[in-house]
Amino acid sequence: MKERLAGLLENSIKTCSDKGLFETGEIPSIELEMTKNAAHGDYASNVAMILASSARENPRKIAEAIVANITDTENILDKMEVAGPGFINFFIGKDVWSALLEEVDELCDRYGESDFGKGKRVQVEFVSANPTGPLHIGHARGAVIGDVIANILESTGYSVFREYYINDAGRQMDILGKSVFLRYLEILGKEVDFPMECYQGKYINDLAEELFEECGDEYLAKDEEDAILVFTDYAVESILSGIKEDLNAFGVVFDCYFSEKELYKDDGVTELLAELQKKEFVYEEGEALWFKTTDFGDEKDRVVVRENGEPTYFAADIAYHRDKYSRGFDKVIDIWGADHHGYIPRMYAGIHALGKEKDALEIILVQLVSLLRSGKPVSMSTRGGEFVTLREVVDEVGRDAARYNFLMRRSDSPLDFDLELAKRKSNENPVYYVQYAHARISSIMRLAHSRGYEIPGFGDIDLGLLTLPEEIALIKEVTRFSEVVEGSARELEPHRLTFYLNDLASIFHSYYNKNRVISDDSELSMARLFLVKSVRIVLKNALRLLGVSAPERM
RNA sequence: GGGCGAUUAGCUCAGUUGGAUAGAGCGCUGGCCUCCGGAGCCAGAGGCCCUGGGUUCGAGUCCCAGAUCGCCUACCA
């Protein structure tokens with residue numbers, strides 16, 4: 001609908017310009033919005049006011065000229081008005097709205113999809129938590145946001161690849177192996193001094209226990225360093241498979257888990273350093289190798305190879321992104337915890353050095369989650385190994401409620417997650433409100449069926465019967481869906497969908513309470529059944545994008 | 001000290017690229033099933049959009065300064 005009106009406006013502006021009614025430099029991109037106020041019609045455009053400044057002409061006069069030169073070829077307009085300082089208001093014919101439902105019926109499960117992304121290849125990297133312990137609640141938000149962004153991009157015509165970067169190299173891994181090894185020694189009755197820097201969680205003891213059961217005291221006699229290597233590998237593999245299981249239970253599935261260790265093995269880091277050197281982006285100072293990130297807007301230069309000859313994590317990260325691009329992705333999206341925001345400039349410096357444009361990388365920051373129980377904070381300390389895991393949250397509140405709750409705020413806004421609230425099956429919990437609308441429509445369908453109605457298709461109904469203001473409002477909301485999906489794809493903002501779902505469910509519940517769908521009038525019943533069926537399709541499609549189920553009964 | 005982000009109803013937050021009378025949920029007050037699912041609906045109260053300047057036809061939105069809060073500020077990962 002929006003595109004159609006934009007087309008009409010554009011043609012009219014061209015006509016006006018040809019007739020010399022006013023000067024147009026560049027024709028601005030046509031801006032249209034759905035109005036908040038019914039008196040302003042269905043859509044409004046401010047294009048005349050935009051043109052006014054360059055044309056040095058009264059905006060109302062321009063608006064009049066544009067309106068006069070619009071040729072409504074498809075006959076979709078009831079009327080047009082010039083209002084206020086120069087808005088052009090469009091009033092769409094009622095039957096035009098209901099005709100839009102044909103597309104919903106036809107496309108059904110695919111309604112809302114588009115080719116907005118034109119097949120561009122996008123990689124979304126998210127979660128990427130170090131395999132040093134199970135995922136906790138903080139990781140869960142990033143997991144859902146990444147997953148849903150990927151879903152949205154997929155449905156808007158991008159080719160999407162989901163990837164998890166495993167930091168399985170470096171000092172942390174040594175500490176992990178050492179932690180398990182020390183606990184293992186404890187099991188064997190040795191007195192050990194367990195340092196603060198080691199991982200304190202109980203899962204470390206469990207891993208040590210498993211190794212003991214399997215190998216007994218075999219590693220007691222072996223060289224400690226060799227033993228730790230074995231323990232590290234065992235721990236990483238075990239923890240990682242736990243992470244994968246937890247993500248799976250949360251509905252998050254990756255196309256690839258990318259290992260940092262492999263990156264080194266395949267000389268990715270070496271090659272990167274060679275490239276930086278060749279392009280002269282690096283210099284030596286104090287035995288270390290520095291990358292001139294300040295050339296690209298960073299506040300200070302960064303070390304890529306330490307004095308001891310080891311590349312930094314940052315070097316590996318650029319090498320990783322280099323690898324991503326070499327795999328042919330047009331665009332790379334990284335989803336990071338907000339505490340990493342200081343890394344953004346240097347990451348952009350990295351991709352600039354690789355010869356990539358700024359828009360080849362998009363970084364989404366996800367703010368921290370505060371876990372609450374009945375309004376009171378749940379204390380968490382990762383160091384002390386005391387935290388609520390993702391698994392525990394999913395087990396306690398359920399996957400649907402957990403996912404939905406993480407999507408109710410913009411990513412960069414902090415979020416309170418209340419376990420009791422998320423569990424509650426009441427109107428305080430928005431996920432049920434939306435799912436309830438779906439279940440309710442399903443229930444209506446069952447009743448209709450039992451009364452002998454076939455569920456109608458677009459061709460089976462008389463559109464002229466859907467004329468109540470609530471019905472038009474419902475149709476408008478339903479047909480807005482694809483614009484919402486496209487908007488959230490463009491801005492990478494999944495929360496738009498939860499807000500949209502809430503609006504749609506609200507309009508539906510209101511309609512339901514005021515009007516009967518199934519009545520004595522079978523023609524009217526058919527028309528309304530078709531309408532609510534359309535609502536159900538959109539609810540279901542939107543929930544699917546969020547990875548939340550659309551139950552038929554609750 | 002420097003950098004980044006935030007500040008909108010009692011609380012938690014939306015607010016598309018600058019548009020007409022600033023929204024939602026919760027909470028609060030009062031109503032609504034003889035009837036398709038009351039996990040629902042309707043109505044009401046509640047606002048110096050942090051402050052002060054600026055930009056323009058027009059600012060919650062953009063720019064500058066200040067206040068308050070949060071985060072970042074390692075040859076860590």
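Of the 554 residues of chain A, 51% count as buried. The model is predicted, and its secondary structure amounts to 21 helices and 15 strands. This briefing covers the overall dimensions, the nonpolar cores, helix H7 and three buried residues.

**Overall dimensions and surface**

- Taken along the principal axes, the box filled by the C-alpha atoms of chain A is roughly 90 × 65 × 40 Å.
- Chain A has an accessible surface of about 26,200 Å², and carbon and sulfur atoms contribute 47% of that surface.
- Among contacts in chain A with a separation of 6 or more, 72% join residues 24 or more positions apart.
- Chain A carries 64 positive and 97 negative charges, and the mean positions of these two sets are 5 Å apart.

**Nonpolar cores**

- The largest nonpolar core holds 149 residues. Within this core, Ile 66, Leu 153, Leu 247 and Phe 417 touch the most other members.
- Helix H21, which runs over residues 522-546, gives the most to this core, with 14 residues.
- A second core, separate from the largest one, has 34 residues. Its members include Leu 263, Leu 289, Tyr 320 and Ala 353.
- Setting aside residues up to four places away in sequence, Leu 247 touches Val 127, Leu 135, Ala 143, Tyr 164, Val 252, Phe 254, Tyr 257 and Leu 390.

**Helix H7**

- Helix H7 spans residues 171-187, which makes 17 residues. At 1.5 Å a residue, H7 should span 24 Å. The end C-alpha atoms of H7 are 25 Å apart, which agrees with that expectation.
- The buried residues of H7 are Met 173, Ile 175, Leu 176, Gly 177, Ser 179, Val 180, Phe 181, Leu 182, Arg 183, Tyr 184 and Leu 185. Arg 183 is thus listed as buried together with residues such as Leu 182 and Tyr 184.
- These buried residues of H7 pack against two helices, H8 (202-215) and H9 (224-249).
- After H7 comes Gly 189, which has a positive phi near 85 degrees.

**Gln 435 in helix H17**

- Gln 435 belongs to helix H17, residues 430-450.
- The relative accessible area of Gln 435 is 4%, so this residue counts as buried, the cut-off being under 20%.
- Apart from neighbours within four places in sequence, Gln 435 is in contact with Asp 400, Val 548, Ser 549, Pro 551 and Met 554.

**Leu 372 in strand E13**

- Strand E13, residues 369-373, contains Leu 372.
- Leu 372 has a relative accessibility of 14% and therefore counts as buried.
- Beyond residues up to four places away in sequence, Leu 372 touches Pro 377, Val 378, Asp 416, Phe 417, Asp 418 and Leu 419. One of these partners, Phe 417, is also among the residues that touch the most other members of the largest nonpolar core.
- From Leu 372 to Lys 279 the separation is 93 residues in sequence, and their C-alpha atoms lie 51 Å apart in space.

**Arg 528 in helix H21**

- Arg 528 is placed in helix H21, the helix that gives the most residues to the largest core.
- With 9% relative accessibility, Arg 528 counts as buried.
- Leaving out residues up to four places away in sequence, Arg 528 touches Leu 466, Leu 468, Glu 471, Tyr 511, Asn 515, Arg 516 and Val 517.

Note on methods. Residues are numbered from 1 along each chain as its sequence is written. Chains are lettered from A and ligands numbered from 1 in the order in which they are written. This is a predicted model: local features need pLDDT of at least 70, side-chain atom pairs count only at pLDDT 80 or more; totals for chains, interfaces and linings use all residues. Side-chain values use heavy atoms; hydrogens and water are left out. A nonpolar core is a set of buried Ala, Val, Leu, Ile, Met, Phe, Trp, Tyr and Cys residues joined through side-chain atoms within 4.5 Å. Buried means under 20% relative accessible area, exposed over 50%, partly exposed in between (1.4 Å probe, protein chains only). Helices (H or I, at least four residues) and strands (E, at least two) are DSSP runs, numbered from the N terminus. Contact means heavy atoms within 4.5 Å. The expected span of a helix is 1.5 Å times one less than its number of residues. Accessible areas come from the Shrake-Rupley method with a 1.4 Å probe; for residues, only the protein chains shown count as cover. Lys and Arg count as positive and Asp and Glu as negative; His and the chain ends are not counted. The place of a charge is taken as NZ of Lys, CZ of Arg, CG of Asp or CD of Glu.
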